[in-house]
Amino acid sequence: MSNLYLLPISVFLLFNFTFIGTYIAAVLQGHVVPTVPYISDAATYSPESCVFGQFINIGCVLLGITIYVRYRQIQELSFRHSDVRQALGRCSGIGFWIGIGSCLGISIVGNFQETNVRIVHYVGAFLSFGLGTVYFWIQSYISYYIQPYMGTMQKANLRMALSVVCTVFFMIVAVTGVISHILFRGTDPRKWYPSDGGWEYHVASSISEWIVATAFCFYVLTFTDEFRTMQLDHPPVKPNLILLEIDSSRTYEPVINDAPVAVIS
């Protein structure tokens, strides 16, 4: 499997296209106000929610594959270089499962709208942003220890900066989001006006969410150059010899009888 560098590029383009396209469609449909709604608010009503959920599911699959390829890449590097193996230990494996948990959270956010199952939607948001931020910190840590075998110091510093951005604005999203909903006095949070109360906190929270989502996409994009230098073989399929021996000892009745069939003219 070659051209692995297309995976992070596909994730970057697909998620950004989904976020921006859903926002434009929701504004044109009159389902949200144009002034910076939450990403998930723009995907609350159909047809935007249907398109959003479908593309998010595809993006989660691609992101999961990207996380797996990154894990295998670090694993192979650890096998070849003992200093990398001693420095990282089980760090890459732990990061892999945390990244998969973030993918699950993104899928939950895309498929469980806030208006239908609010608690599940919030759990998905916490998993996607929270675990995603932890995964980025782990990858930033790994990026410093795999040099000079892979990557550059500039790339490691960039990932560290993006991790800081994700952490700070994720905390802003959580705090201002709670305060804004406490102060909200309107009827529909999807159409939040200044007169509804908590407007400033709502804007700060929604802008911070867009910044975190954008930083997520750019972080994944940083894997592109490192994926250019590797290929991934298809997983080998090994038969279970014990089951084959048991299976070969059995006798079967033929499904099709080869006896001649009389033809009636």
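## Helices and the overall fold

A helix here is a DSSP run of H or I that spans at least four residues, with numbering from the N terminus. By that count, helix 8 covers residues 224-227, and E226 is found in it. Keep in mind that this is a predicted model.

The chain is helical in its secondary structure, with 9 helices and 0 strands. Walk along the sequence and you get the pattern α-α-α-α-α-α-α-α-α. If you look at contacts between residues with a separation of 6 or more, 75% of them link residues 24 or more positions apart.

## Burial and surface

How much of the chain counts as buried? Of its 265 residues, the figure is 44%. The accessible surface comes to about 14,900 Å², and carbon and sulfur atoms hold 67% of that.

## E226 in helix 8

Back to E226: is this residue buried or exposed? Its relative accessible area is 5%, and since buried means under 20%, E226 is buried.

Which residues does E226 touch, leaving aside those up to four places away in sequence? The list is R70, Q73, M150, G151, K155 and R159. Two elements can be matched to that list by their residue ranges: helix 2 runs over 48-80, and helix 6 over 153-183.

## A nonpolar patch

On the surface, V175, V178, I179, I182, L183 and Y201 make up a nonpolar patch, and together they have about 510 Å² of accessible area. Which helix gives the most to this patch? That would be helix 6, with 5 residues.

L183 is one of the patch members, and this leucine is found in helix 6. Its relative accessibility is 36%, so L183 counts as partly exposed: the value sits between the 20% and 50% cut-offs. Patch membership asks for over 30% relative accessible area, so L183 clears that bar too.

## The largest pocket

Now for the open space. Rolling a probe the size of a water molecule over the atoms shows where empty space is left. In this model, the largest pocket has a volume of about 830 Å³. Its lining counts 39 residues, and A125, F126, S128, F129 and E209 lie nearest the centre.

Several helices give two or more residues to that lining: helix 1 (6-29), helix 2 (48-80), helix 4 (91-111), helix 5 (118-145), helix 6 and helix 7 (199-221). Helix 5 gives the most, with 9 residues. Helix 6 therefore turns up twice in this report, as a contributor to the pocket lining and as the main source of the nonpolar patch.

Methods
Residues are numbered from 1 along each chain as its sequence is written. This is a predicted model: local features need pLDDT of at least 70, side-chain atom pairs count only at pLDDT 80 or more; totals for chains, interfaces and linings use all residues. Side-chain values use heavy atoms; hydrogens and water are left out. Buried means under 20% relative accessible area, exposed over 50%, partly exposed in between (1.4 Å probe, protein chains only). Contact means heavy atoms within 4.5 Å. Accessible areas come from the Shrake-Rupley method with a 1.4 Å probe; for residues, only the protein chains shown count as cover. Patches are made of residues with over 30% relative accessible area and no salt bridge: like charges are joined within 9 Å, nonpolar side chains (Val, Leu, Ile, Met, Phe, Trp, Tyr) within 5 Å. A salt bridge is a side-chain nitrogen of Lys or Arg within 4 Å of a carboxyl oxygen of Asp or Glu. On a 1 Å grid over the protein atoms alone, a cavity is a set of points where a 1.4 Å probe fits but cannot get out, and a pocket is an open set with protein on both sides within 12 Å along at least five of seven lines; lining residues have an atom within 4 Å of a point. Grid points are joined across faces, edges and corners, and a volume is the space filled by probe spheres set on the points.
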